[in-house]
Amino acid sequence: MLAYTLRRIAQAVPILLLVSLISFGIMQLVPGDPAAVLAGPNATPDELIKLRQTLGLDKSLLSQIMIFYGNLFQGDLGYSIILGEPVLKVVLERSPISISLALYSLALTVILGLSIGVIAAMKHNRWIDQAAMTFALIGVSVPNFWLGLVMIVLFSVHLGWLPTGGYVPFFEDPVGWFLAATMPALSLAMMQIGLLARLTRSTMLEVLGQDYIRTARAKGASEPRVIIKHAMSNVLIPVVTVLGMILSVLLSGSVIVETIFAVPGIGALLGNAILGRDYPMIQGGLIFVAAVLLILNIVVDVLYAWLDPRVRVQ
Amino acid sequence: MQRNPILRVEGLRTTFTSDDGEVVAVDDVSFDVNEGEIVGLIGESGSGKSVTALAVMGLLPKTTSHVTAERIMFDGRDLAHASERELRRLRGGSIGMIFQEPMSSLNPVLKIGDQLIEPIRIHERISYRAAFDRGVELLTKVGIPSPVQRMNDYPHQLSGGMRQRVMIAIALSCSPKLLLADEPTTALDVTIQAQLLDLLLEIQAETKMAIVLITHSMGVIAECADKVVVMYSGRIAEQGPVTEIFDRPGHPYTKGLMQCTPELTGNSRRLTTIPGTLPSLSALPPGCRFAPRCDLAQPDCVAGRPPMIAIGKEHASACIRADELVVSAAQPEGAEV
Ligand SMILES: Nc1ncnc2c1ncn2[C@@H]1O[C@H](COP(=O)(O)OP(=O)(O)OP(=O)(O)O)[C@@H](O)[C@H]1O
Ligand SMILES: [Mg+2]
């Protein structure tokens, strides 16, 4: 198990190198002169030269790469042009906001997606099944920004139950955090809830038809025991596999949702950086998000191996 | 020796609903299993052997199947009219079952030990420790080497033969009075088949439980069973004591099955197969269902369902020409030619 974990970590290193190379390439791939684009049409030649120096664009490609990786290995992601602060510092300040939102979304996805899927499978072809699958279809089809806006209109504007957005630090005011984060988390999660409910239902139906379920019944196991001990342990395997993917989507989907709900997270930060052509911010943010996603995926893979003995032994 | 029936199935009927309507997979099947007796249930693939066993256990899918019976008496209780709760108490307790598919019948994500002691923990008030020890004992009994380590293994670490031994151990874990063994060896190598059959016979000799042994092979029946029930297309073609049936088969289908078995004919050149195939459940022939494949068929055979005719002590056949068959079988071999 430990060897497996270490191997997965080792496999992540080349991926991280590739991502960093791509994010380095962003600046090189901008058509024309990135400094000119960044400085705008009214910049003086002097300003342009200075900006090129700050960005390191006056050096050769090779030395730019060397400097980039040299800084990267020291944990230096450069300075944000718009905010005038170190990228790493800004990213570290903002990321807990996004990560907590994504984890809340994930919790909603797992709890709602799994239970809807399991109930639908157990009531296969009955009205409850059909209702659940209609709900899942709606969840999958409705765009999250639209859902977010509808929820704001309904729950904030008309009913006044929840704030329209913003962010309250969890440790200062857990209830406030909960109220503010529920709508963003739900609109972020809705599509994943639909997908997970469908996956859970079809997997559960398949598992319930397996011979080992019949064996469990032949032992005199009660229905809850059959479902929880014998079926769920098998259903969870494919579910955990997609969990990493779901989390990636939840984290990267937050650009739009954070903007709608005025949540000052990484998504909103990167969105603004892209609009403002803040290249160091974009580069640093990209590497950081990629690193977080890689770590989460390793956690998911290890969890998967822990659940499925057939993977563990290999 | 007068024995009491531990299982008495009367008028068992099972239907399945599928997309093309309702089919009758088991049609009016009745048989007895006495205490301590091994009853062989034989028939071609698709003749309804597994469905019969699963129906007795109440293990057929509730949504697509419908089981009715006048009575299914087991140990003084009527399973046909018992509640799910009562059935659950018997399953894995007084009635054990071994399935046809050893590779898929164990849960891939649970340890052998957990699966083995589960019925013990369900049916008896017993500590985990004591149940574990009994699990080790059971694995030893079914011939699994290093049983303590095996308790912590997962199914994929075991061969098919070993898995079926585990299934046998599971079925035996609560000392059942009746074991339903559904082709316990069909999916395995020939050598392992023989080993497992010997193991079952050994355990049966020791525990004196009754066994319904489902099989394709008349050879297995000859070796193990006291009584035979021959099924064809969801109905019983013939049943009776093994010696009776082998000496005086009262149904052309039984005769055909015996001629398919090299060990029984003793002459591989005379080995024949029964021409044709089992009819489809959705297009059953009228009258005797074996008639389209039968050498001896005559117009009367398709007129109506042939009744079970008694042709000996506890020996009955669903062939209207059973009497002729028995007489001809009683004559010496050369007399026919
Ligand atoms: N769950 C089910 N749904 C629909 N039809 C079924 C189901 N189970 C069995 N059948 C049908 O019932 C008939 C009898 O099947 P059964 O499994 O009892 O045969 P069998 O005698 O055990 O054959 P085998 O030797 O291949 O195991 C077959 O035609 C089969 O297609
Ligand atoms: Mg079968």
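**Exercise 1. The magnesium site**

Identify the protein donors of the magnesium ion (ligand 2) in this predicted model, and explain which parts of chain B they tie together.

*Solution.* Begin with the atoms around the ion: the protein donors are OG of B:S50 and OE1 of B:Q100, which lie 1.9 to 2.4 Å from the magnesium ion. Next, place each donor in the fold: B:S50 belongs to helix α1 of chain B, whereas B:Q100 sits in the loop between β7 (95-98) and α3, so the pair ties together parts that are 50 residues apart in sequence. Finally, consider the surroundings of B:Q100, whose relative accessible area of 24% makes this residue partly exposed.

**Exercise 2. The interface of the two chains**

Describe the contact between chain B and chain A, going from its area to its polar pairs and then to the elements that chain B supplies.

*Solution.* Start with the extent of the contact, to which chain B gives 25 residues and chain A gives 23 residues. The area buried between the two chains is about 2100 Å², and carbon and sulfur atoms account for 59% of that area.

Then turn to the charged and polar pairs. Four salt bridges are counted between chain B and chain A, and in a salt bridge between the side chains of A:R225 and B:E118 the distance from N to O is 2.6 Å. Across the interface there are 13 residue pairs in polar contact, with both residues at pLDDT 80 or more.

As a last step, look at the side of chain B that touches chain A: α1 (49-57), α3 (112-123) and α6 (160-172) of chain B each supply at least two of its residues. Of the elements of chain B, α3 gives the most to this side, with six residues. Sorted by class, the side of chain B that touches chain A holds 13 nonpolar, seven polar and five charged residues.

**Exercise 3. The build of chain A**

Work out how many helices and strands chain A has, and how its contacts are spread along the sequence.

*Solution.* The element count comes before the rest: chain A has 14 helices and zero strands. The C-alpha atoms of chain A fill a box of roughly 85 × 55 × 35 Å along the principal axes, and 46% of its 314 residues are buried. For the contacts, take those in chain A between residues at least 6 apart in sequence; of these, 74% join residues at least 24 apart.

**Exercise 4. Three buried residues**

For A:S80, B:K227 and B:H251, locate each residue and list what it touches, leaving out residues up to four places away in sequence.

*Solution.* A:S80 is found in the loop between α4 (61-73) and α5 of chain A, and with a relative accessible area of 3% it is buried. The residues that A:S80 touches are A:E85, A:V87, A:D278 and A:M281, and with A:D278 there is a side-chain polar contact of 2.6 Å.

B:K227 lies in strand β10 (residues 227-232) of chain B; its relative accessible area is 9%, which is under 20%, so B:K227 counts as buried. Among the residues that B:K227 touches are B:D32, B:V33, B:N34, B:G240 and B:P241. A polar atom of the B:K227 side chain lies 2.9 Å from the backbone oxygen of B:D32.

B:H251 occupies the loop between α9 (242-247) and α10 (252-259) of chain B, and it is buried at 3% relative accessibility. The contacts of B:H251 include B:A237, B:E238, B:F290 and B:C319.

**Exercise 5. Positive phi values**

Which phi values do A:N125 and B:D75 have, and is each residue exposed or partly exposed?

*Solution.* Recall the background first: most residues other than glycine have a negative phi. A:N125 has a phi near 70°, a positive value, and B:D75 has a phi near 50°, also positive. Now locate them: A:N125 lies in the loop between α5 (87-122) and α6 (127-141) of chain A, while B:D75 lies in the loop between β5 (71-74) and β6 (77-78) of chain B. As for accessibility, A:N125 is exposed, with a relative accessible area of 56%, whereas B:D75 is partly exposed at 31%.

Key
Residues are numbered from 1 along each chain as its sequence is written. Chains are lettered from A and ligands numbered from 1 in the order in which they are written. Side-chain values use heavy atoms; hydrogens and water are left out. Contact means heavy atoms within 4.5 Å. Buried area is the accessible area (1.4 Å probe) that two parts lose on being put together, summed over both. A polar contact is a pair of N or O atoms within 3.5 Å; within protein, one must be able to donate a hydrogen and the other to accept it, and residues adjacent in sequence count only if both atoms are side-chain atoms. Helices (H or I, at least four residues) and strands (E, at least two) are DSSP runs, numbered from the N terminus. Ala, Val, Leu, Ile, Met, Phe, Trp, Tyr, Cys and Pro count as nonpolar, Asp, Glu, Lys and Arg as charged, and the others, Gly among them, as polar. Donors are N, O and S atoms within 2.8 Å of the metal (3.2 Å for Na, K and Ca); water is not among the atoms, so sites may look incomplete. Buried means under 20% relative accessible area, exposed over 50%, partly exposed in between (1.4 Å probe, protein chains only).
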